[in-house]
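Trainee: Could you walk me through this one before I set anything up? I'd like to go from the inside outwards.

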Amino acid sequence: MKEVVLFIAMSLDGYIAAPDGGIDWLGGESASASDSGSYERFIAGVSDIVMGYTTYHQLTTELLPDDWPYATQKTHVLTHREIASAPEGVSFSSEPIETLLNRLKREAKGEVWLCGGASIIQQAMQKGLIDRYHINVMPTIRGGGIRLFGALERDIPLRLISTERYNGIVDLVYAVR
């Protein structure tokens, strides 16, 4: 079975977006240095991506409206909305997150990237569906916005796999123990 991996950036104080969903604050210390870090290695092993509608909508209307960035992966968008058209390789599902992720763990050819947003991630955490946490900590303290972590009914014990740093960003990779 393949793993479900959360790969995401957050501020030092645990926010993944501004209150309005904006992410223009993401980045390292120097605008002239590379912020890609471990992303290229990570995405090379991903066959399927799972995201919520808000993340999908932000990608297709604001961040990359003319260039779908995940053309080599299958993207599964969790939503109850009716969507008229989508980039090739994108499908929409209203099935429960545990049903989708468990199916993808059996069927995927590579890792399953749980891309976002916060609601989808928090649901997966509550249900124990994430196998590995790959968190890029940005050199920014936001003080408010959309939190990555919400309240949990139980602890999630982790084992540190690796750390990496570049341009003031720290990559933390943990597996569930």
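Mentor: Let us fix one term to begin with: a nonpolar core is a set of buried Ala, Val, Leu, Ile, Met, Phe, Trp, Tyr and Cys residues joined through side-chain atoms within 4.5 Å. Please also keep in mind that this is a predicted model.

Trainee: Okay, so how many residues does the largest nonpolar core have, and which have the most contacts inside it?

Mentor: The largest nonpolar core has 25 residues, and those with the most contacts inside it are Val 50, Leu 101, Leu 114 and Leu 148. At least two residues of this core come from each of β1 (4–11), α3 (97–107), β6 (111–116), α4 (118–126) and β7 (132–138), and the largest share, five residues, is supplied by α4.

Trainee: What does Leu 101 touch, leaving out residues up to four places away in sequence?

Mentor: With those residues set aside, Leu 101 touches Val 4, Val 50, Val 112, Ala 124 and Leu 129. Apart from this core lies another, of 16 residues, and among its members are Phe 7, Phe 42, Tyr 53 and Cys 115.

Trainee: Switching to the sheet: what's the order of the strands?

Mentor: Eight strands form an open sheet with mixed pairing, and the order is β5-β4-β3-β6-β1-β7-β10-β9. The edge strands, β5 and β9, each pair on one side only, and from one strand to the next the twist averages 20 degrees.

Trainee: And in which sense do β3 and β4 pair, parallel or antiparallel?

Mentor: Those two pair in the parallel sense, over five bridges, and Gly 52 has Leu 78 in β4 as its bridge partner. Strands β9 (residues 158–166) and β10 (residues 169–176), on the other hand, pair in the antiparallel sense over eight bridges, with Thr 163 bridged to Leu 172 in β10.

Trainee: What sits between β9 and β10?

Mentor: They form a hairpin with two residues between them, and Asn 167 in the turn has a positive phi of about 50 degrees.

Trainee: Now the helices. Which strands does α4 lie across?

Mentor: Helix α4 lies across β1, β3, β4, β6 and β7, and it runs at about 125 degrees to β6. In helix α2 (residues 53–63), the residues Tyr 53, Thr 55, Tyr 56, Gln 58 and Leu 59 are buried, and the buried residues of α2 pack against β3 (46–52), β4, β5 (90–93) and β6.

Trainee: I have to choose protonation states, so tell me about His 76: is it buried or exposed?

Mentor: His 76 has a relative accessibility of 9%, and because the cut-off for buried is under 20%, it counts as buried. The residue is placed in strand β4 (residues 74–78), and its side chain makes a polar contact of 2.7 Å with the side chain of Asp 48. If residues up to four places away in sequence are not counted, His 76 touches Asp 48, Ile 49, Val 50, Met 51, Ser 91, Leu 100 and Leu 104.

Trainee: Last topic, the aromatics. How many aromatic pairs are there?

Mentor: The count comes to ten aromatic pairs. One of them is formed by Tyr 39 and Trp 113, which are edge-to-face at 6.1 Å centre to centre, with 65 degrees between the planes. This pair links distant parts of the chain, as Tyr 39 is in helix α1 (residues 39–44) and Trp 113 is in strand β6, 74 residues apart. Tyr 39 counts as partly exposed at 24% relative accessibility, whereas Trp 113, at 4%, counts as buried.

Trainee: And why is the pair of Tyr 56 and Phe 92 edge-to-face?

Mentor: The ring centres of Tyr 56 and Phe 92 are 5.3 Å apart and the planes stand at 85 degrees; planes over 60 degrees apart count as edge-to-face, so this pair belongs in that class. Here too distant parts of the chain are linked, with Tyr 56 in helix α2 and Phe 92 in strand β5, 36 residues apart. Tyr 56 is buried at 6% relative accessibility, while Phe 92 is partly exposed, with a relative accessible area of 28%.

Trainee: Which residues form the aromatic cluster?

Mentor: Phe 7, Tyr 39, Phe 42, Tyr 53, Tyr 56, Trp 68, Tyr 70, Phe 92 and Trp 113 form one aromatic cluster.

Conventions. Residues numbered from 1 in each chain as written. Predicted model: local features only at pLDDT ≥ 70, side-chain atom pairs only at ≥ 80, totals over all residues. Heavy atoms only, no water. Buried < 20%, exposed > 50% of the residue type's maximum accessible area, 1.4 Å probe, protein only. Helix = DSSP H or I, 4+ residues; strand = E, 2+ residues; numbered from the N terminus. Contact = heavy atoms within 4.5 Å. Polar contact = N/O pair within 3.5 Å; in protein donor to acceptor, adjacent residues only side chain to side chain. Pairing = 2+ DSSP bridges. Axes fitted to C-alpha atoms, helices over the stretch in contact; angles between N-to-C directions. Phe/Tyr/Trp six-rings, centres within 6.5 Å; stacked < 30°, edge-to-face > 60°.
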